[in-house]
Amino acid sequence: MLSNDDYLSILKELKDYAIYHFKDEEKIMSAAGYKGLEEHKKLHKQFEMQIDKFSQKQKYDDAFDLYDYAAEWLINHILNTDQKYSDWVKEQISLNKIDIQNLFD
Ligand SMILES: [Fe+2]
């Protein structure tokens, strides 16, 4: 069984990775001129804020609620919300309007 410290450490790692990943996504969306960027950024921020709420409670007892929340959010976000910008970016790449390779150099 995890200690509260372990739980909080996992929450911190989850948030840090989410921020790292969201920034990359937002960079791609911005470079591709995706019109839904600001709305997408709000959804990312809401996820970060919800993870902060779990962190503030500092209760390992909430681990199952965290798991349920994060799993549902991530699955829905990846399959639906991210898919929208992904289709747009692929189209921009095919039209040579964005060079993904040079974005992360
Ligand atoms: Fe996203």
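I take helices as DSSP runs of H or I, at least four residues long, numbered from the N terminus. On that basis I read the chain as α-α-α-α along the sequence. I am working from a predicted model.

**Entry 1: overall form.** I counted 4 helices and 0 strands. I then looked up the radius of gyration, which is 16 Å for the chain, against a value near 13 Å for a compact globule of 105 residues. The C-alpha atoms fill a box of roughly 50 × 25 × 20 Å along the principal axes. I checked burial next: 12% of the 105 residues count as buried. I also looked at contacts between residues at least 6 apart in sequence, and 76% of these join residues at least 24 apart.

**Entry 2: helix α1.** I followed α1 over residues 4-31. Its 28 residues reach 40 Å from first C-alpha to last, close to the 40 Å expected at 1.5 Å a residue. Which residues of α1 are buried? I found Tyr7, Leu11, Ile28 and Met29. I asked what covers them, and the cover includes α2, α3 (63-94) and α4 (100-103). Just after α1, I noted Gly33 with a positive phi of about 65°.

**Entry 3: Ile51.** I placed Ile51 in α2, residues 37-57. Why does Ile51 count as buried? I found 21 C-beta neighbours inside 10 Å, and the cut-off for buried is 20 or more. Setting aside neighbours within four places in sequence, I see Ile51 in contact with Leu11, Leu14, Lys15 and Ala18. Of these partners, Leu11 is itself on my list of buried α1 residues. I also took the separation of Ile51 and Tyr85: 34 residues in sequence, and 24 Å in space from C-alpha to C-alpha.

**Entry 4: α2 against α3.** Two packed helices are described by the angle between their axes and the distance between the axes. I looked up both for this pair. α2 and α3 pack at about 170°, with axes 12 Å apart. Angles over 145 degrees count as roughly antiparallel, so I put α2 and α3 down as roughly antiparallel to each other. I then went through the residues that meet. From α2 I listed His40, Leu43, Phe47, Gln50 and Phe54. From α3 I listed Leu66, Tyr69, Trp73, His77, Thr81 and Tyr85. By class, I have 7 nonpolar, 4 polar and no charged residues in this contact. Tyr85, which I had paired with Ile51 for the distance, is one of the α3 residues in the α2 contact.

Notes
Residues are numbered from 1 along each chain as its sequence is written. This is a predicted model: local features need pLDDT of at least 70, side-chain atom pairs count only at pLDDT 80 or more; totals for chains, interfaces and linings use all residues. Helices (H or I, at least four residues) and strands (E, at least two) are DSSP runs, numbered from the N terminus. The radius of gyration is taken over C-alpha atoms; the globule rule is 2.2 Å times the number of residues to the power 0.38. Two residues are in contact if their C-beta atoms, placed from the backbone, lie within 7 Å. The expected span of a helix is 1.5 Å times one less than its number of residues. Axes are lines fitted to C-alpha atoms, for helices over the stretch in contact, and angles run from 0 to 180 degrees between N-to-C directions. Angles under 35 degrees count as roughly parallel, over 145 as roughly antiparallel, 65 to 115 as roughly perpendicular and the rest as oblique. Ala, Val, Leu, Ile, Met, Phe, Trp, Tyr, Cys and Pro count as nonpolar, Asp, Glu, Lys and Arg as charged, and the others, Gly among them, as polar.
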